[in-house]
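Subject: Structure handover

Dear colleague,

I am passing on the structure below, with notes on what turned up in it. Please read the notes with the structure open.

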Amino acid sequence: MNITLTPDLEKGVRVRVERGDYENPEALVREAVYRLIAEDEELEETKTAISRALEESRRGEGRLAEEFFAELQARNGIPR
């Protein structure tokens with residue numbers, strides 16, 4: 001696979017490799033792609049959790065944020 005970068009991105013890669021942050025450009029690109037994929041997966045998990053919470057709330061299964069935070073404060077010995 002060949003990838004063409006804009007001059008600005010290419011400069012950014014070169015600077016980080018020369019600085020010693022990465023062994024070579026491929027290592028930087030590899031890490032960037034891993035991070036992007038992980039970020040996308042986390043975003044999907046967050047969207048799913050939000051959708052589930054909204055559905056629970058619509059069914060009346062939720063509880064007030066004030067109650068939740070009061071419980072957290074009590075459990076952790078944090079004064080109100």
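**Pocket, core and salt bridges**

Helix α2 is the main contributor to the lining of the largest pocket, giving six residues. Before going further, please note that this is a predicted model.

The largest pocket has a volume of about 270 Å³. The elements that supply two or more residues to its lining are α1 and α2. In full, the lining consists of Ile3, Leu5, Leu9, Gly12, Val13, Pro25, Glu26, Leu28, Val29, Ala32 and Val33. Sorted by class, that makes nine nonpolar residues, one polar and one charged. Gly12 is counted as polar, and Glu26 is the charged residue.

Next, the core. The largest nonpolar core is made of five residues, namely Val13, Val17, Tyr22, Ala27 and Leu28. Two elements, α1 (7–18) and α2 (25–58), each give two or more residues to this core. Val13 and Leu28 belong to the core and also line the largest pocket. As a general point, nonpolar side chains in soluble globular proteins tend to be buried together.

Then the charged pairs. Searching the whole structure gives seven salt bridges; three pairs are described here.

- Glu44 and Lys47: their side chains form a salt bridge, at 3.8 Å from N to O. Both residues lie in helix α2, three residues apart, which is about one turn of the helix. Glu44 counts as partly exposed because its relative accessibility is 45%, and Lys47 is partly exposed too, with a relative accessible area of 45%.
- Glu61 and Arg59: the closest N and O atoms of this salt bridge are 2.9 Å apart. Glu61 has a relative accessible area of 48%, so it is classed as partly exposed; the cut-off for exposed is over 50%.
- Glu71 and Arg63: the side chains meet in a salt bridge, with 2.9 Å between N and O. Glu71 is partly exposed at a relative accessible area of 34%, and Arg63 is partly exposed at 46%. Arg63, Glu71 and Arg75 are joined into one network by salt bridges that share partners.

In general, side chains of opposite charge can pair when their charged atoms come close.

One question to take to the structure: which elements give two or more residues to the largest nonpolar core? They are α1 and α2, and α1 and α2 also give two or more residues to the lining of the largest pocket.

Regards

Conventions
Residues are numbered from 1 along each chain as its sequence is written. This is a predicted model: local features need pLDDT of at least 70, side-chain atom pairs count only at pLDDT 80 or more; totals for chains, interfaces and linings use all residues. Side-chain values use heavy atoms; hydrogens and water are left out. A nonpolar core is a set of buried Ala, Val, Leu, Ile, Met, Phe, Trp, Tyr and Cys residues joined through side-chain atoms within 4.5 Å. Buried means under 20% relative accessible area, exposed over 50%, partly exposed in between (1.4 Å probe, protein chains only). Helices (H or I, at least four residues) and strands (E, at least two) are DSSP runs, numbered from the N terminus. On a 1 Å grid over the protein atoms alone, a cavity is a set of points where a 1.4 Å probe fits but cannot get out, and a pocket is an open set with protein on both sides within 12 Å along at least five of seven lines; lining residues have an atom within 4 Å of a point. Grid points are joined across faces, edges and corners, and a volume is the space filled by probe spheres set on the points. A salt bridge is a side-chain nitrogen of Lys or Arg within 4 Å of a carboxyl oxygen of Asp or Glu.
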